Amino acid sequence: MTERMEFGMRAAVGEAPQAADGAPEPSETARTLPPDASVDLAAERAGTQVDEVLDALDAELVGLAPVKTRIREIAALLLVDRARARFGIDSGRPNLHMCFTGGPGTGKTTVALRLAELLHRLGYVRKSHLVSVTRDDLVGQYVGHTAPKTKEVLKRAMGGVLFIDEAYYLYRAENERDYGQEAIEILLQVMENRRDDLVVVLAGYKDRMDSFFASNPGMSSRIAHHIDFPDYTVEELEAIGRLMAERQGYRLAPETEPVFRDYLERRRARPRFANARSVRNAIERARLRHANRLIAAGGRVGLDDLTVLRPEDFLASRVFADPDRPS
Ligand SMILES: Nc1ncnc2c1ncn2[C@@H]1O[C@H](COP(=O)(O)OP(=O)(O)OP(=O)(O)O)[C@@H](O)[C@H]1O
Ligand SMILES: [Mg+2]
């Protein structure tokens, strides 16, 4: 929960100062163009600075090719819609409510944050913020508490993206009178009527999401894009680890590479494995051991000592010792 609040807060802090003033203006005047005019798509594209977000997505996230492709397609659609609008063609706003399915740590929240930024730059939403919530933020404990809670969250998210993590917890098949149903009804209405001012992204495990949609066809029909985030392969996890280490000014010694791979294979088979998040934690712990190793050795250190992670920085992990411990 705290982590989810952080995501929302971090996004809100990062919001562009001019965000509340509305979407970025098209680069030429807003006058309707005559039929024989033309629009420079490259200039439009540069004007929105959308490539910065797409490039950041590419650089920041290893793999996820289908996810990145879909986000690029959405960007293309919105750019072309802007050009069409210049000629006075009103195709109506495309529905962009989405569902992100995948296991823990597969990049759903990270992509949603980038998506919010992208939609803002393309003028689809007024703000670049993402408000991330779970059932507890929407559903009350007592009669009459749910509607105000849900409406408060919607008010906060309006103009940007509302990210509902583990959305299926809103629906409890075993309890007809569960207050979650009330939250769902309100969400459905807003997803339909306020489409011009809010994008809703539902996230969670694929199988549970599928049964949620089976029980809530109204919700299913309002989702335009289903995007799946598969678990990472060991090779991808390795690349993610290398990227994370590099970002923090570390690198793996050549002899550390096979140890790190072995670590990942063992960790992946353990309970509570969370894909890239587990990799992040592994790098953090290796940093800790690396620092302790240097301090314990004493003496002078050079750049290599300070930046190279050695096999022992991973081998001390419990995954190599007690098979039932998670870390
Ligand atoms: N493909 C990737 N390449 C590099 N880093 C990644 C990748 N995917 C995720 N990460 C990193 O892993 C961490 C977890 O990612 P994120 O929070 O986006 O996952 P999630 O799918 O939302 O997880 P959860 O379902 O548990 O909420 C983040 O620090 C993110 O930057
Ligand atoms: Mg998440």
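**Exercise 1.** Place Asp51 in this predicted model: which helix holds Asp51, and is Asp51 buried or exposed?

*Solution.*
Step 1. Find the element. Asp51 lies in helix 3, which covers residues 50-60.
Step 2. Take the neighbour count. Asp51 has 12 C-beta neighbours inside 10 Å.
Step 3. Apply the cut-off. A residue is exposed if 12 or fewer other C-beta atoms lie within 10 Å of its own. Asp51 therefore counts as exposed.
Step 4. Look along the chain. Arg121 is 70 residues apart from Asp51, and their C-alpha atoms are separated by 9.9 Å.

**Exercise 2.** Work out the strand order of the open sheet and state which strands stand at the edges.

*Solution.*
Step 1. Write the order. The 5 strands run 2-3-4-1-5, with parallel pairing.
Step 2. Read off the edges. Strand 2 (130-133) and strand 5 (225-229) each have a single partner strand, so one side of each lacks a neighbour in the sheet.
Step 3. Add the turn. Direction ignored, neighbouring strands are turned by 20° against each other on average.
Step 4. Inspect one pair. Strand 1 (residues 98-102) runs parallel to strand 5, and 5 bridges join them. Within this pair, Phe100 has Ile227 as its bridge partner.

**Exercise 3.** Determine which strands helix 5 touches and which strands helix 7 touches.

*Solution.*
Step 1. Take helix 5 (residues 108-121). Helix 5 packs on the sheet and touches strand 1, strand 2, strand 3 (161-165), strand 4 (199-204) and strand 5. Its direction makes about 170° with that of strand 3.
Step 2. Take helix 7 (residues 146-157). Helix 7 also packs on the sheet, touching strand 2 and strand 3. The direction of helix 7 makes about 155° with that of strand 2.

Terms used: Residues are numbered from 1 along each chain as its sequence is written. Chains are lettered from A and ligands numbered from 1 in the order in which they are written. This is a predicted model: local features need pLDDT of at least 70, side-chain atom pairs count only at pLDDT 80 or more; totals for chains, interfaces and linings use all residues. Two strands pair if DSSP finds at least two bridges between them. Helices (H or I, at least four residues) and strands (E, at least two) are DSSP runs, numbered from the N terminus. Axes are lines fitted to C-alpha atoms, for helices over the stretch in contact, and angles run from 0 to 180 degrees between N-to-C directions. Two residues are in contact if their C-beta atoms, placed from the backbone, lie within 7 Å. A residue is buried if 20 or more other C-beta atoms lie within 10 Å of its own, exposed if 12 or fewer, and partly exposed in between; C-beta atoms are placed from the backbone.
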